[in-house]
Amino acid sequence: MDLSGKTYVVMGVANKRSIAWGAARALDKMGATLVFTILGERFRKELDKLLVDLEGDHDIIVECDVTSDEDVAKAFKEIGEKTNGIDGVLHAIAFADKNELTGGFSETSRDGFKMALDISAYSLTIVSKYAKEIMNENGSIVTMTYLGGERAMPNYNVMGVAKAALDASVRYLAYDLGEQGIRVNAVSAGPIRTLSSSAVGEFKTILKEIAERAPLKRNVDQLEVGNTVAFLLSDLSSGMTGEVLHVDSGYHIMA
Ligand code: 0WD
């Protein structure tokens, strides 16, 4: 797939294991120009180190904490000024307090609920609000979700509720932005060992279950997820919006 001439914003690279980094590698290989947003200054060094391995020059890195309206507005304004508009955004951001990702869901705290839903679900809406202002024709927004938003899964708890809200947001944003030609879709990734997923209780057991029970009898990796993200960001998926595509070795079809 040739994505030269396209510019995409990648949000959520924390380190080399991040799904966003898998997507960045895929998009870079296809010739796209990338703009990165990082949570804070402390992530810049890590990203600078990673960028050396990419083929293209992707030199726009903008700080953006999605819990701040001003940060999101400022980040996309800056990106708009430094590019000729963007062709899409990958939103690969989520957070919940570790204490909420183990034990009983009924013990979820109000603050823990608010924070998980704010960072992991609402952020897609505010990102879309400002991204649409600088989006070129036929733009595409992609977010990352998980099966725990469709089904009850041990320990995923409040993050499952956040992913359900995120999935619904994808549909409402797709409906809202469709008239402007902007598509909004999600990739539901199988479990992958990253900084975020390590917070989920008994994560190892989940990986083992996929390897035993999924049709492909193995887990997926960041690059496989990244390739599907690239497809959804590209014009190859021009007829798709409001969709959730599973990249999980087929695990979601199993009873
Ligand atoms: O098994 C997995 N790893 C799966 C992850 C399976 C299915 C879906 N996903 C989703 C996650 O829920 C998330 O939405 O994929 C997305 C990316 O997650 P990841 O790649 O697994 O995790 P990670 O490498 O930790 O990146 C998430 C990043 C943060 O990293 P840290 O570890 O620092 O929390 O989200 C960013 C941050 O870079 N982030 C924020 N960015 C802006 N503002 C904020 C914030 N307030 N909070 C977290």
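1. Y156 in this predicted model is buried, because its relative accessibility of 10% falls under the 20% cut-off. The residue sits in the loop between β5 and α5. Leaving aside neighbours within four places in sequence, Y156 is in contact with L101, Y146, G148, K163 and V200. UniProt, in an unreviewed entry, places the feature "active site" at Y146 and Y156.

2. Of these two annotated residues, Y146 is included in the lining of the largest cavity. Y146 is found in the loop between β5 (135-145) and α5 (157-177). Its relative accessible area is 12%, so Y146 is buried. With residues up to four places away in sequence not counted, Y146 touches M153, Y156, K163, S188, A189, G190, P191 and I206. K163 therefore appears among the contacts of Y146 and among those of Y156, under a contact limit of heavy atoms within 4.5 Å.

3. G190, one of the residues touched by Y146, belongs to the loop between β6 and α6. At 7% relative accessibility G190 counts as buried. Apart from neighbours within four places in sequence, G190 is in contact with Y146, V220, V247 and D248. G190 and H91 are separated by 99 residues in sequence and by 17 Å in space, taken C-alpha to C-alpha.

4. The ligand is surrounded by 28 residues, of which the closest are S18, I19, I192, T194 and S196. Three polar approaches to the ligand may be set out. A polar side-chain atom of T194 lies 2.5 Å from a ligand oxygen atom. A polar backbone atom of I192 is 2.7 Å from an oxygen atom of the ligand. A ligand nitrogen atom is 2.9 Å from a polar backbone atom of V66. Taken alone, the ligand exposes 860 Å², and the protein buries 93% of that area.

5. V66, whose backbone supplies the polar atom 2.9 Å from the ligand nitrogen, is placed in the loop between β3 (60-63) and α3 (69-82). V66 has a relative accessible area of 5% and is therefore buried. Not counting residues up to four places away in sequence, V66 touches M11, V72, I93, I119, S123, I126 and V127. V66 and V35 are 31 residues apart along the chain, and their C-alpha atoms are separated by 16 Å.

6. The unreviewed UniProt entry lists G12, S18, I19, D65, V66, I93, K163, I192, R193, T194, L195 and S196 under "binding site". These positions span 185 residues in sequence, and the farthest two C-alpha atoms are 23.6 Å apart, so the listed residues do not all gather at one spot. Among these residues, the lining of the largest pocket includes G12, S18, I19, D65, V66, I93, K163, I192, T194, L195 and S196. K163, listed here as a binding site, is also in contact with Y156.

7. Is R193 buried, partly exposed or exposed? With a relative accessible area of 41%, R193 is partly exposed. R193, annotated as a binding site in the UniProt entry, lies in the loop between β6 (183-189) and α6 (203-213). Leaving aside neighbours within four places in sequence, R193 is in contact with R17, F203, K204, L207 and Q222.

8. L195 also has its place in the loop between β6 and α6. At 54% relative accessibility, L195 counts as exposed, whereas G190, found in the loop between β6 and α6, counts as buried at 7%. With residues up to four places away in sequence not counted, L195 touches A14 and N15. L195 is among the "binding site" residues in the UniProt record, and the lining of the largest pocket includes L195.

9. Two backbone angles deserve a remark. Most residues other than glycine have a negative phi. K217, which is not a glycine, has a positive phi of about 55°; its place is in the loop between α6 and α7 (222-233). S249, also not a glycine, has a positive phi of about 60°. S249 lies in the segment after β7 (244-247) and, at 5% relative accessibility, counts as buried.

Notes. Residues numbered from 1 in each chain as written. Predicted model: local features only at pLDDT ≥ 70, side-chain atom pairs only at ≥ 80, totals over all residues. Heavy atoms only, no water. UniProt positions renumbered as here; feature names shortened; annotations may be inferred. 1 Å grid on protein atoms, 1.4 Å probe; cavity = no way out; pocket = protein on both sides within 12 Å on 5 of 7 lines; lining within 4 Å. Helix = DSSP H or I, 4+ residues; strand = E, 2+ residues; numbered from the N terminus. Buried < 20%, exposed > 50% of the residue type's maximum accessible area, 1.4 Å probe, protein only. Near = heavy atom within 4 Å. Polar contact = N/O pair within 3.5 Å; in protein donor to acceptor, adjacent residues only side chain to side chain. Areas by Shrake-Rupley, 256 points an atom, 1.4 Å probe, with all protein chains shown as cover.
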